[in-house]
Amino acid sequence: MKHILVTGGAGFIGSHVVRLFVNKYPNYKILNLDKLTYAGNLANLKDIEKNSNYEFVKGDICDAKLVQKLFSKHTFDAVIHLAAESHVDRSISNPMEFVVTNIIGTVTLLNAAKHHWQNIIAGEGNNGRSNLFYHVSTDEVYGSLGETGFFTEQTKYDPHSPYSASKAGSDHFVRAYHDTFQLPVVISNCSNNYGSYHFPEKLIPLAINNIKNNKPVPVYGKGENIRDWLFVEDHAKAIDVIFHKGKTGDTYNIGGINEWKNIDLIRLLCKIMDKKLGRLDGESAKLITFVKDRAGHDLRYAIDSSKLQKELGWKPSLQFEEGLAKTVDWYLANEEWLKNVTSGDYQKYYEGQYAKR
Ligand code: NAD
Ligand code: TYD
């Protein structure tokens, strides 16, 4: 029996990780600790919320008392840490929130794990470990690529946005707790995800929502920036593999081998949406609106995930066109979810952001 603390399980990727673990490992107990910020939503986990191996606690990872109390009560074997402020544009308007959750929150969790695991002798469980602190991170810590090359696990950190700087800081703390206190840790750095339950402030779900509602689709700058897109369920599967088979103290890059220029991606999405919505070919593309570029906008991300593929046997399962069509279908079939997450503050925030551009 493994007792796992998952943080940020009500968010986009976290909900897929929780769902996968709760369904695949009925003998594990999963406790989801989430503050339910604007990006967290319990509706993301409706299908598994009543499972006997799942429990939800609303709370802040920066609340040291709460985190210590949960560790004392549940004696977790492992942590899968996903809770974070995750949107680059928000990190430009409010960097401090990112420092607090992404750095202080991570160190708060590391302290609790260090305190509660110090007397436990490694030797059983995950790949010879009795405990594991799994930190979920991003490829954005590596900075920006030119036209060629890939991020490997050896690439030097060079973050540019407050978001990526805060994630880089959290990665460094996780490694420091491994090197200084022998805390058993593993880190993965993943490329951009897409799929169901993605909050519509990131490019793909925002564009789907706007196309559906005949609103302008904002493309920053000339749309020439490149991202490497991975279907979120493939990311969750990679986390499962690394959690069970990854080497303690190691880093694994996760990526889709799927680079797209933003403008090409949006044009493809418009084509898919024209078909799904019964519109004339080219109708949705008329909504594309070039707007002021993001400050410090990284040009290109591309991940070399060959270590994960060779050592642990993971590979992405879906072609992008198929994954994108599946994602559009999900958003069209889940109007209620979309309506709920875009009610309240969303309109105010989004319209404010858009007006600034
Ligand atoms: P998200 O913004 O959708 O979800 C974040 C979750 O964390 C939300 O449920 C939110 O309520 C919760 N949260 C935020 N602050 C909290 C706090 N102080 N205490 C407790 N819970 C808190 O993010 P996501 O896209 O699902 O990303 C999850 C993780 O994966 C993040 O660490 C992110 O850096 C990383 N990541 C994301 C991507 C991507 O493409 N989205 C790619 C690589 C890595
Ligand atoms: P985003 O989904 O915010 O992810 P990240 O910044 O973490 O890569 O953005 C993906 C790309 O799309 C990035 O190059 C910025 C661009 N973008 C737009 O062109 N328009 C938008 O409205 C958004 C949100 C992003």
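**Two ligands and the cavities**

User: A backbone N or O atom of L36 lies 3.4 Å from an oxygen atom of ligand 1. Why is this called a polar contact?

Analyst: A polar contact is a pair of N or O atoms within 3.5 Å (within protein, one must be able to donate a hydrogen and the other to accept it, and residues adjacent in sequence count only if both atoms are side-chain atoms). The pair at L36 is 3.4 Å apart, so it falls within the cut-off. An oxygen atom of ligand 1 is also 3.0 Å from a polar backbone atom of T37, and another such distance of 3.0 Å involves a backbone N or O atom of L82. The protein covers 97% of the 830 Å² of accessible area that ligand 1 has on its own (Shrake-Rupley method, 1.4 Å probe; for residues, only the protein chains shown count as cover).

The model is predicted: local features need pLDDT of at least 70, side-chain atom pairs count only at pLDDT 80 or more, and totals for chains, interfaces and linings use all residues. Residues are numbered from 1 along each chain as its sequence is written, chains are lettered from A and ligands numbered from 1 in the order in which they are written, and side-chain values use heavy atoms, with hydrogens and water left out.

User: What makes a residue part of the surroundings of ligand 1?

Analyst: One of its heavy atoms must lie within 4 Å of the molecule. For ligand 1 there are 29 such residues, and I13, D34, S86, Y163 and K167 are the closest. β5 (132–138) gives the most, with three residues; α1 (12–24) and α5 (162–181) each supply at least two. These elements are DSSP runs numbered from the N terminus (helices: H or I, at least four residues; strands: E, at least two).

User: How do you know which residues in that shell are nonpolar, polar or charged?

Analyst: Ala, Val, Leu, Ile, Met, Phe, Trp, Tyr, Cys and Pro count as nonpolar, Asp, Glu, Lys and Arg as charged, and the others, Gly among them, as polar. The shell of ligand 1 then divides into twelve nonpolar, twelve polar and five charged.

User: What makes a space in this structure a cavity?

Analyst: On a 1 Å grid over the protein atoms alone, it is a set of points where a 1.4 Å probe fits but cannot get out; lining residues have an atom within 4 Å of a point. Three cavities of 30 Å³ or more are found. The largest has a volume of about 1,100 Å³ (points joined across faces, edges and corners; volume is the space filled by probe spheres set on them). It is lined by 50 residues, with S86, H87, Y163, H198 and K202 closest to its centre.

User: Where do ligand 1 and ligand 2 sit?

Analyst: A molecule sits in a cavity if more than half of its atoms lie within 2 Å of its grid points. Ligand 1 takes space in the largest cavity, and the space taken by ligand 2 is also the largest cavity.

User: Which side chains make polar contacts with ligand 2?

Analyst: Oxygen atoms of ligand 2 are 2.9 Å from a side-chain N or O atom of N262, 2.5 Å from a polar side-chain atom of R294 and 2.7 Å from a side-chain N or O atom of H297. The protein covers 97% of the 510 Å² of accessible area of ligand 2 on its own. β8 (217–220) gives the most to its shell, with three residues.

How values were computed. On a 1 Å grid over the protein atoms alone, a cavity is a set of points where a 1.4 Å probe fits but cannot get out, and a pocket is an open set with protein on both sides within 12 Å along at least five of seven lines; lining residues have an atom within 4 Å of a point.
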